[in-house]
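Here are my comments on the model you sent. Please read them beside the sequence and the coordinates.

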Amino acid sequence: MDQPTVGILHPGSMGAAVAACAATNATAVLWCETGRSTASAARAAQFGLTPVVALAELLDRSDIVISLCPPAFAEDLARDIAEQRFAGVYVEANAINPTRVQRIAALLAPTATVVDGGVVGSPPVGGKAPTLYLSGPADATARIEALFTDTVVQTSVLGTEVGKASALKLSYASFQKTSRVLVALAVGMAREHGVDQELIEVASRRTDSYLSEPQYVAKTAARAWRWGPELEEAADALAAAGLPPEMLRAAASTLARWHDVRDDGELTLTEALDRLAHP
C-alpha cells in the first residue's frame, strides 16, 4: 500500500503528537495554519508537521484526515469538511458520544469514509504509548492500523460499527476523570477539617487509590477545560442508554470551577483546592 498524505485538524498536544507518529508511515502530515495560535504553530513545528495556508489545500492533498479537537467543535469542523466534499478517510477521534459520531458520519457521506476513533492514554511523548481504538468499515480501519504500524500509538479495531470506539473512550473517561474529580472533593473536605494528611495516609494503605495521589488535583484543574466537555458528552451517552447522567454532569459542573486555569502547569495543590472552594 502506498504511503498516504495525512492531514491533522487543530494540532493540540494530543493531535500534534499523534500526527508525528503517523508521519512514520506517511508521505507527509499537513496542518492548516490559518486562524491557529502561535502555540499551535510552535507545536506543529516541534513535531515536524507541514503547514498549508488553506483548509481546501489540506483536504485536496490528504488521503486521510484526523480530527482531534475540543469536543464542542467536532461537528462544526466536520461540517466545514463536508462542505469541501472531502473524499478520503476521515478519522473522527474526538471525545464525543456515539450519536454525534454517527451524525458526523452521515454528514460526510457519501464522499468520505468515516472511521470512529478514541484515544485512551496520554499523548505519545516521553515514553507514553496511548491506544487508538477504531471502529468502522474494515478497509478504512485497516488503513489507519497501517498508518500507525511500528509507532508508539497502538491500534485496536473494535468492529465495523461507527460509535463503538467513542463508546469505549467515554466509558473509560467516565470512570477515570470522575474519579479524579472525587479526589479533589474528598481532599478539599478533609482539608477544611484539618484531616487531609490523615486522609492521604489512610488512602495510601490501599493499592491503586487516586486518593493517595493528591498532587494530581492540580493537573486535574489544569485540564478541566477539556475534561468538563468530555464528561458532558459521556453524560449524553449515559442518558441515551437509559442510565442516569447526573453524576457526570455534576462532575462537569465541578470542573467548570477551574475553567480559568487552562493548562496551567505551575498550579499547586493548595491553589487548585482554593479555586475549587472559591471560584
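The points below go from the whole chain to one pair of strands.

1. This is a predicted model, and every value in this note was computed from it. The protein contains 12 helices and eight strands.

2. On overall dimensions, the radius of gyration is 20 Å, which agrees with the value near 19 Å that a compact globule of 279 residues would have. Along the principal axes, the C-alpha atoms fill a box of roughly 60 × 40 × 35 Å.

3. On burial and surface, 47% of the 279 residues count as buried, taking under 20% relative accessible area as the cut-off. The accessible surface of the protein comes to about 13,300 Å². Carbon and sulfur atoms account for 52% of that surface.

4. On contacts, consider those between residues at least 6 apart in sequence: 64% of them join residues at least 24 apart.

5. On charge, the protein has 23 positive and 32 negative charges. The mean positions of these two sets are 2 Å apart.

6. Strand S6 deserves its own point. It spans residues 113-120, and seven of its eight residues are buried, so the strand is largely enclosed by the rest of the structure.

7. Which strand pairs with S6, and in what sense? Strand S5, residues 89-92, pairs with S6 in the parallel sense, over four bridges. Within this pairing, Tyr-90 stands opposite Val-114 in S6. When you inspect the pair on screen, Tyr-90 and Val-114 can serve as the reference positions.

Note on methods: Residues numbered from 1 in each chain as written. Predicted model: local features only at pLDDT ≥ 70, side-chain atom pairs only at ≥ 80, totals over all residues. Heavy atoms only, no water. Helix = DSSP H or I, 4+ residues; strand = E, 2+ residues; numbered from the N terminus. Rg over C-alpha atoms; globule rule 2.2 N^0.38 Å. Buried < 20%, exposed > 50% of the residue type's maximum accessible area, 1.4 Å probe, protein only. Contact = heavy atoms within 4.5 Å. Areas by Shrake-Rupley, 256 points an atom, 1.4 Å probe, with all protein chains shown as cover. Lys, Arg positive; Asp, Glu negative; His and termini not counted. Charge placed at Lys NZ, Arg CZ, Asp CG, Glu CD. Pairing = 2+ DSSP bridges.
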